[in-house]
Amino acid sequence: MAILSDAVDILKTRIPVPFSEIPLDSVVVGVFFTSVKLRSGYEGICFTLVDLIPDAVCCSTATSTMPNCGKIQGVMVEDMLTHMSTPTPLVRAVIVSVVNALSVLKSHG
């Protein structure tokens, strides 16, 4: 958790655009990987820890823990990162994917 928080703090200082102005375009949660695409077109991925999700056999139950589930397009990165301390594996996978996408934005922006 501390590493993820540190990474976010570093990215805040290196990305010239505030996180409140970076919208998510899409989030895809799959059996093995989770992907986040920023509106800028940059993407990040993370391994989805399916074995840590007891209700993984029921997609609607497992995804119901996701903030803004079904309405994530346009949600700002800053809003998504407010859920960084959640213990929920699906949410954590999305957060890591967001951080990965931001790191690409930095290196190419």
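This report looks at a small sheet, a surface patch and two valines in a predicted model.

**The sheet**

Three strands form an open sheet. Their order is 1-2-3, and the pairing is antiparallel. Strand 1 and strand 3 (43-47) stand at the edges. Each has a single partner strand, so one side of each is left without a neighbour in the sheet. From one strand to the next, the twist averages 10°.

Now take the pairing of strand 1 with strand 2. Five bridges join these two antiparallel strands. Within this part of the sheet, V28 stands opposite S35 in strand 2.

**The patch**

Which residues make the nonpolar surface patch? They are V31, F32, F33, I45, F47 and L49. The patch covers about 620 Å². One of its members, V31, lies in the loop between strand 1 (24-29) and strand 2 (33-38).

**Two valines**

Is V31 buried or exposed? V31 is exposed, because its relative accessible area is 56% and the cut-off for exposed is over 50%. V91 sits in helix 4 (residues 89-108). V91 counts as buried, because its relative accessibility is 2% and buried means under 20%.

The table sets out both residues.

| Residue | Place | Relative accessible area | Class |
|---|---|---|---|
| V31 | loop between strand 1 and strand 2 | 56% | exposed |
| V91 | helix 4 | 2% | buried |

V91 also gives a link along the chain. V91 and T48 are 43 residues apart in the chain. Their C-alpha atoms are separated by 9.8 Å.

Conventions: Residues numbered from 1 in each chain as written. Predicted model: local features only at pLDDT ≥ 70, side-chain atom pairs only at ≥ 80, totals over all residues. Heavy atoms only, no water. Patch = residues over 30% accessible without salt bridge, like charges linked within 9 Å, V, L, I, M, F, W, Y side chains within 5 Å. Areas by Shrake-Rupley, 256 points an atom, 1.4 Å probe, with all protein chains shown as cover. Salt bridge = Lys/Arg side-chain N within 4 Å of Asp/Glu carboxyl O. Helix = DSSP H or I, 4+ residues; strand = E, 2+ residues; numbered from the N terminus. Buried < 20%, exposed > 50% of the residue type's maximum accessible area, 1.4 Å probe, protein only. Pairing = 2+ DSSP bridges. Axes fitted to C-alpha atoms, helices over the stretch in contact; angles between N-to-C directions.
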